[in-house]
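Dear colleague,

Please find below the structure that I am handing over to you, with its sequence. My account of what was found in it follows directly after.

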Amino acid sequence: MTFGKHDIDNLIGKVLTGEASPDERHELEQWVRQSNDNLRYLEQMRAVYEKASNDPLNVDVDAAWQKVKQRLRTQRGGGTVLLWPVLRMAAGIVLIMTAGLFTWRWFNTPERVELVSAERPVTDTLPDGSRAFLNKRAKLEFTYNKRTGQRSARLQGEGYFTIRHDETKPFVIEAEGVFVKDLGTAFNINASPGNPVVEVMVSEGEVAFYSSDDPGIRLMAGESGVFDKATRTFSRLEKADTNKIAYKTRIFRFNNTSLGDAVELIDEVYGVDVRLDNEQLKTCPITVNFNNEDIDTVLDIVAETMGLTIQRQGEAFILTGVGCAHE
């Protein structure tokens, strides 16, 4: 049994659309059995038809298909003949349009990312290329539209951000009812729910720090500002405390800092249990700097500086001594 290209296309089209008679379906089965090429051709045609009939975008494909078929029919002797090659072309157009609509929706649907830290800080690259470093017990919700470049974020807790700057599409972070807008920047935000203030410290560039009803302040590199939740006012700090971002940098600057405060910060940043064996040691002042050293080095230097010894009790480090080294 042989068929011309036009005949077999029409026969396949009638079978796939459910218009073929039992004899016509039998004829197609016999034609398929003749060669593997015939089988592959049928499968290719079936794939085109099934893709055109899918409904990934909630389009009424059946209704559209019927309209196409009605337009592509011609009257012959009172009957109808389906122009399958033309229908096949229409199916291709439907696929192209569907793919175009899907792509348009994909690029116009904002991408949402959630970054959460528990008992350890976490860091990640956001979809726009910016970097976020969250301190313990923090959460960041980030929204990014690939087509428009619009981006925004909501922070709970503390986080350090290095922003991929775009003059036309600023990066805005909402935290505890206030906003921080990137103006070409690396900065830290401490917006823990239990704190009476929201604090922002700028490492590089500039940020706008404001609320919906207050234009707020602008902060440059090396500056810090706070928002008082009770009075709803913004103020600029005279000097930024770099120890506040030690959770990310592990850079400490202790200048006549009480040993109790220093140990508490070291304990928090390194996630270790450091203790002083007597209350008197807590008030002793310490002046020393650390630049991303490991915990053993930090404690060795603290002990040497303060004339203390280090003991281990299980997982805890115990600093022991009789009092301040200079007394």
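Glu279 is exposed, as its relative accessible area is 55%. In this predicted model, Glu279 takes part in a salt bridge with Lys282, and the closest N and O atoms of the two are 3.4 Å apart. Lys282 has a relative accessibility of 38% and therefore counts as partly exposed. As a general matter, side chains of opposite charge can pair when their charged atoms come close.

The pair just described belongs to a wider set, for a search of the whole structure finds 16 salt bridges. Some of them are joined to one another: Glu119, Lys136, Arg137 and Glu268 are linked in a network of salt bridges.

Within this network, Arg137 pairs with Glu119, with 3.0 Å between the closest N and O atoms. This salt bridge links distant parts of the chain, 18 residues apart. Arg137 sits in the loop between strand S5 (131–134) and strand S6 (139–144), while Glu119 sits in the loop between strand S3 (111–116) and strand S4 (122–125). Glu119 is exposed, with a relative accessible area of 55%, whereas Arg137 is partly exposed at 49%.

Arg137 also forms a salt bridge with Glu268, where the closest N and O atoms are 3.4 Å apart. Because Glu268 lies in helix H7 (residues 259–270) and Arg137 in the loop between S5 and S6, this pair ties together parts that are 131 residues apart in sequence. Glu268 counts as partly exposed, since its relative accessibility is 33%.

Charge also appears on the surface in another form. Asp294, Asp296, Asp300 and Glu304 gather there in a patch of negative charge. One of these residues, Asp296, belongs to helix H8 (residues 295–306). Asp296 is partly exposed, its relative accessible area being 44%. A residue needs over 30% relative accessible area to belong to a patch, so the value of 44% for Asp296 satisfies that requirement.

Two further acidic residues are buried. Glu199 is part of strand S11 (residues 197–204), and its relative accessibility of 12% is why Glu199 counts as buried. Setting aside neighbours within four places in sequence, the contacts of Glu199 are Asn188, Ile189, Asn190, Ser224, Gly225, Val226, Leu237 and Lys244. Glu24, in helix H2 (residues 22–33), is buried as well, with a relative accessible area of 19%. The cut-off for a buried residue is under 20%, so Glu24 at 19% falls within that class. Not counting residues up to four places away in sequence, Glu24 touches Leu11, Lys14 and Glu19. The C-alpha atoms of Glu24 and Ile12 are 9.2 Å apart in space, and the two residues are 12 residues apart in sequence.

Gln313 is located in strand S19 (residues 309–313) and is partly exposed, at a relative accessible area of 48%. Apart from neighbours within four places in sequence, Gln313 is in contact with Arg275 and Ile318. A separation of 9.9 Å lies between the C-alpha atoms of Gln313 and Asp273, which are 40 residues apart along the chain.

The backbone deserves a word too. Most residues other than glycine have a negative phi. Which values of phi were found for Arg250 and Asn256? Arg250 has a positive phi of about 55 degrees although it is not a glycine, and the phi of Asn256 is likewise positive, near 55 degrees. Arg250 occupies the loop between helix H6 (246–249) and strand S16 (251–258), while Asn256 is in strand S16. Arg250 is partly exposed, with a relative accessible area of 30%; Asn256 is exposed, with 58%.

Finally, some figures describe the chain as a whole. The protein chain has eight helices and 20 strands. Of its 327 residues, 38% are buried. The chain exposes about 18,500 Å², of which carbon and sulfur atoms supply 49%. Among contacts with a separation of 6 or more, residues 24 or more positions apart account for 44%.

Yours sincerely

Notes:
Residues numbered from 1 in each chain as written. Predicted model: local features only at pLDDT ≥ 70, side-chain atom pairs only at ≥ 80, totals over all residues. Heavy atoms only, no water. Patch = residues over 30% accessible without salt bridge, like charges linked within 9 Å, V, L, I, M, F, W, Y side chains within 5 Å. Areas by Shrake-Rupley, 256 points an atom, 1.4 Å probe, with all protein chains shown as cover. Salt bridge = Lys/Arg side-chain N within 4 Å of Asp/Glu carboxyl O. Lys, Arg positive; Asp, Glu negative; His and termini not counted. Charge placed at Lys NZ, Arg CZ, Asp CG, Glu CD. Helix = DSSP H or I, 4+ residues; strand = E, 2+ residues; numbered from the N terminus. Buried < 20%, exposed > 50% of the residue type's maximum accessible area, 1.4 Å probe, protein only. Contact = heavy atoms within 4.5 Å.
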